[in-house]
Amino acid sequence: MTPTEKIWHNGRFIAWDEARIHVLSHVVSYGSSVFEGVRCYDTQRGPAIFRLREHTRRLLDSAKIYRIPVSYTLEELMEAQVELVRVNRLRSCYIRPIILRGYGGMGVLPANNPTEVFLACWEWGKYLGEEALASGVDVCVSSWNRMAPNTFPALAKAGGNYINSQLIRMEAHQDGYAEGIALGPDGLVSEGSGENIFVIRDGRIYTPPLSAGILPGITRDSIVTLAREAGIPVVETDIPREMLYVADEIFFTGTAAEVTPVRSVDRIPVGSGRRGPITEQLQRAFFDIVEGRAEDRYGWLTPVPAA
C-alpha cells in the first residue's frame, strides 16, 4: 500500500500518518466497525467514482443495523469522498470509508464510545491479480460456512463479520487456491470471502439470493442489470454445491475483484477451464462503462473535479 497525502477524519483532512486510534477503542476488542470499498476509475473524461451513492447508502445502512450513530448525511459523506480523491490528486484509486466505535467505556455494551468516521484512498490494482481477469482463478469450497440467520446480520458490511471471511481466505491460500467459496449453514452456495458469485449453465445465469447470507453487492447488482439488458436470463435461486462442478462458467463480482472468472473449483475445471463467453461479454460491458468508453446510461459514475 502506497500512502496518500490526506485522510478525512470527522470532517477534516489530516495527514496519512495521523490517522490513528487508541488500542482500547471499542472496535479493537469487539470488531464494532462498518466499512465500504469504493473504486474510482480513470475515465476518458477524468477520474470518476463508481456508484458512490449506493456504496455510501450501504455504509449508513450497515451503521444503522449495528446501531452505530452517525452525524453525517449521505450527501455529506459523498461530497467528502469526492474531495478526498481530488485533494490526493489521484486518477484512479480504491476508497475505504470506515465508521467505528472509538475510545470510551470498556465492555461489550458501547454506551460511552464515540463514533469515529475515516475516509481513506490509495492506488490498488486488481484484487485477485491482473491476469485473473482474463485467465480466471482456481478456488475451493471452504470448510468454513457463512453465518446462520439471526446470528450476524449479513446485509451489513461490518468489520466483525469479516473474521469469517479471513478464515475462508486463509484456508484457501494455505491450500494453494486464490479464493474460497463459502456454503451457508444449509449447505447451499453463499459467496466468496469478499465476493458475490454467479454460476452459468446452458446460457442462464444463477446467483444466490440475499437469504443465502450474502452481502448485497453493488457490483453484483450492476452485473445483473447489464446481463438483463443484454437479454441473458438471471435467476436468483438456491445453488447446490455440486452445481459448481458442472457449471459452464463461474465468476466472482465485487468492488475489489470487479468481474473475475473462476477456472476451477476443488481442482475440477469449470467448463473449458478458462474464461467463458458470457463472462467475457459482461466483463467488457462493465469495464466499458466504468472506464468511460461507453455511455454511462445508468448514471453510475460521479466525476471528480480537477485539483
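**Close-up 1. Tryptophan 8 and its partner in the β1–β2 hairpin.** In this predicted model, tryptophan 8 has phenylalanine 13 of β2 as its bridge partner. The two strands here are β1, covering residues 6-9, and β2, covering residues 12-15. They run antiparallel, and four bridges hold the pairing together. Take a look at the turn, too: two residues sit between the strands of this hairpin, and asparagine 10 takes a positive phi near 50 degrees.

**Close-up 2. Strand β1 meets strand β7.** Strand β1 also pairs with β7, which is made of residues 115-122. This pairing is antiparallel as well, with two bridges joining the strands. Here tryptophan 8 turns up again, standing opposite leucine 119 of β7. So what does tryptophan 8 pair with in β2? That would be phenylalanine 13, the residue from the hairpin view.

**Close-up 3. The largest pocket.** This pocket holds about 680 Å³ of space. Its lining takes in 38 residues, and those nearest its centre are Phe35, Lys157, Tyr162, Ser193 and Gly194. The elements giving two or more residues to that lining are β6 (93-101), α5 (162-174), α6 (218-229) and β14 (249-254). Which of them gives the largest share? It's α5, with five residues. As for the mix around the wall, there are 16 polar residues, 13 nonpolar and nine charged.

**Close-up 4. Helix α5, inside and out.** Now for the helix that gives the largest pocket its largest share of lining residues. With 13 residues at 1.5 Å a residue, α5 should span 18 Å, and its end C-alpha atoms are indeed 18 Å apart, so the two values agree. Asn164, Ser165, Ile168 and Ala172 are buried residues of this helix. Why do they count as lying on the same side of α5? Because they cover an arc of only 100 degrees around the axis. On the face turned away from that buried side you'll find Met170, His173 and Gln174, which are exposed.

**Close-up 5. The second largest pocket.** Here the volume is about 380 Å³. Seventeen residues make up the lining, with Arg57, Arg58, Asp61, Pro216 and Ile218 nearest the centre. Two elements, α2 (52-65) and α6, each give two or more residues to it. The largest share is that of α2, at six residues. Sort the lining by class and you get ten charged residues, six nonpolar and one polar. Helix α6 may ring a bell, as it's also on the list for the largest pocket.

**Close-up 6. One closed-off space.** How many cavities of 30 Å³ or more does the count come to? Just one, and about 40 Å³ of space lies in it. Around it are Val38, Arg39, Tyr41, Phe50, His55, Thr219, Gly254, Thr255, Glu258 and Phe286. Strand β4, residues 38-43, gives the most to this lining, with three residues. By class, the lining has four nonpolar residues, four polar and two charged. Rolling a probe the size of a water molecule over the atoms is how empty space like this shows up.

Note on methods:
Residues numbered from 1 in each chain as written. Predicted model: local features only at pLDDT ≥ 70, side-chain atom pairs only at ≥ 80, totals over all residues. Heavy atoms only, no water. Pairing = 2+ DSSP bridges. 1 Å grid on protein atoms, 1.4 Å probe; cavity = no way out; pocket = protein on both sides within 12 Å on 5 of 7 lines; lining within 4 Å. Points joined across faces, edges and corners; volume = space filled by probe spheres on them. Nonpolar A, V, L, I, M, F, W, Y, C, P; charged D, E, K, R; others polar. Expected span 1.5 Å × (residues − 1). Buried < 20%, exposed > 50% of the residue type's maximum accessible area, 1.4 Å probe, protein only. Arc of directions from axis to C-beta.
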